[in-house]
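Hi everyone, thanks for coming. Could you pull up the structure on your screens so we can walk through it together?

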Amino acid sequence: MSIVVLKLPDVKVIAESRPTRCPSCKGGTFQRWGGQIRNVKDPHVQAVMVYRYRCCQCQHTFRHYPEGIDQAQQTLRLRALAALAWVLGLSYRSVETLFNAFRVDISRMSAWRDTQERAEQLRQKRKWKPVRVLGVDGAWVRGWGGQQGVMVAIDLGNGQPVAIACVDEHNPQAVRRFLEPLVKQLGVSVIVTDDLALYRSLAEKLGVEHQVCQFHLRRWVEKYLRELEKSLSDEWHWMLDEIKKLLDELPVEGSKRLFELWKQIPQGRGGRSGEPLSPLDQLRYLLLRLSEHWANYRVFDWQKDVPWTNNGTEQVIGRMKMRSRTVRGYKNKNGMLNGLLSAGSGLVS
Ligand SMILES: [Zn+2]
């Protein structure tokens, strides 16, 4: 799956190039206009040189920062490190203690801000990157004010989260409000989800292909077949075996075959007037449902780079859950979502 690359921002004590564009008029010629030594917080660097320049076109003066430095006292490298230490499981208090042990003076509060900033950077970085295959799933996490239901969208191309929001997975309108802008902005062509009817109709409305996660599919079908095995008369058991085989092999013509099997079963009277479905009716229902949805089980077969399970999404949710278990509390809902987004993206910087 995704390879985790830990690459921290570089920090230079002096800018290695002159500015190229004036921040106010976009002019391109400058005079140096003095400079000053600035103390910074960083694991390696104590102070850097920051020059001022004056634009020859509009006379605006501005600071030109060396790589890894901006207005803040902490360097970009230290901020990234503090956020990563939190993602790895330390509390904000422990991040403070850890860095103080290395004589880098940061506070709990700034470690919290660094994690929030990291989430914002992840969002910015992903904003304009197209996503072809989007994994979507709901989860319960320990969050702000107790358990929170969240929805997570993952770029299954690189295993990175692209969006997270407090959305009830069983509310079709809410799920649509979450997914529709993502699908449009990112140019998504396939979504991978659980076998919920809500996703199927939504995929149709949004005009994207829909791959149902095979793990979820097999889990519920196997359970269904086990129940039928107990209640169904022996003469039909060969059909259960055939359904199992079809799901294992997922052949193109599976839908047709399931429909043929469906036609062989005489229609019962169950389901109407409140009568419970007989085992045979249950088998008919299963055959029809699988036959109708067959195309959604095998999108991976003809669409490039579509996984046949939603594992990539579950991995990210797993990281979020692991991290949120030990968080003492978030300051607010946004703080929680940012924390989860940072945790879900792991160590990728
Ligand atoms: Zn200018």
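Okay, one bit of vocabulary before we start: a donor here is an N, O or S atom within 2.8 Å of the metal. And keep in mind that this is a predicted model.

So, which residues hold the zinc ion? Cys22, Cys25, Cys55 and Cys58 do, each through its SG atom, at 2.3 to 2.4 Å. Along the sequence, these donor residues follow the spacing C-x2-C-x29-C-x2-C. Now look at where two of them come from: Cys22 sits in the segment before β1, while Cys55 is in strand β2, so that pair ties together parts that are 33 residues apart in sequence. Are these two buried or exposed? Cys22 is buried, with a relative accessible area of 1%, and Cys55 is buried too, at 0%.

What about the geometry of the site? The angles among the four donor atoms run from 105 to 112°, and the site is tetrahedral. For reference, the ideal angle for four tetrahedral donors is 109.5 degrees.

Next up, the aromatic rings. The count is nine aromatic pairs. Take Trp86 and Tyr92: their ring centres are 5.7 Å apart and their planes are at 10°, so this pair is stacked. Trp86 and Tyr92 are both buried. Trp86 also has a charged neighbour, since Arg323 lies over its face, 4.5 Å from the ring centre.

Compare that with Tyr224 and Tyr285, a tilted pair, with 6.4 Å from centre to centre and 35° between the planes. Tyr224 belongs to helix α6 and Tyr285 to helix α9, so the pair ties together parts that are 61 residues apart in sequence. Tyr285 is partly exposed, at 41% relative accessibility.

Two more ring items before we move on. Phe30, Tyr53 and Phe62 are linked into a cluster by ring pairs. And the charged end of Arg32 sits over the ring of Tyr51, 3.7 Å from its centre.

Last stop: helix α8, residues 254–264. Its buried residues are Gly254, Leu258, Leu261 and Trp262. Why do we say they line one face? If you look down the axis of α8, they fall within an arc of 105°, so they line one face of the helix. It helps to remember that an α-helix has 3.6 residues a turn, so residues three or four places apart point the same way. Turned away from that buried side, you'll find the exposed residues Lys256 and Lys263. And what covers the buried residues of α8? The cover includes α7 and α9.

Terms used:
Residues are numbered from 1 along each chain as its sequence is written. This is a predicted model: local features need pLDDT of at least 70, side-chain atom pairs count only at pLDDT 80 or more; totals for chains, interfaces and linings use all residues. Side-chain values use heavy atoms; hydrogens and water are left out. Donors are N, O and S atoms within 2.8 Å of the metal (3.2 Å for Na, K and Ca); water is not among the atoms, so sites may look incomplete. Four donors count as tetrahedral if all angles lie between 85 and 135 degrees; four count as square planar and six as octahedral if opposite donors are over 155 degrees apart and all others between 65 and 115; anything else is irregular. Helices (H or I, at least four residues) and strands (E, at least two) are DSSP runs, numbered from the N terminus. Buried means under 20% relative accessible area, exposed over 50%, partly exposed in between (1.4 Å probe, protein chains only). Rings of Phe, Tyr and Trp (its six-membered ring) pair if their centres lie within 6.5 Å; planes under 30 degrees apart count as stacked, over 60 as edge-to-face and the rest as tilted. A charge sits over a ring if NZ of Lys or CZ of Arg is within 6 Å of the ring centre and within 35 degrees of the ring normal. The arc is that of the directions from the helix axis to the C-beta atoms. Contact means heavy atoms within 4.5 Å.
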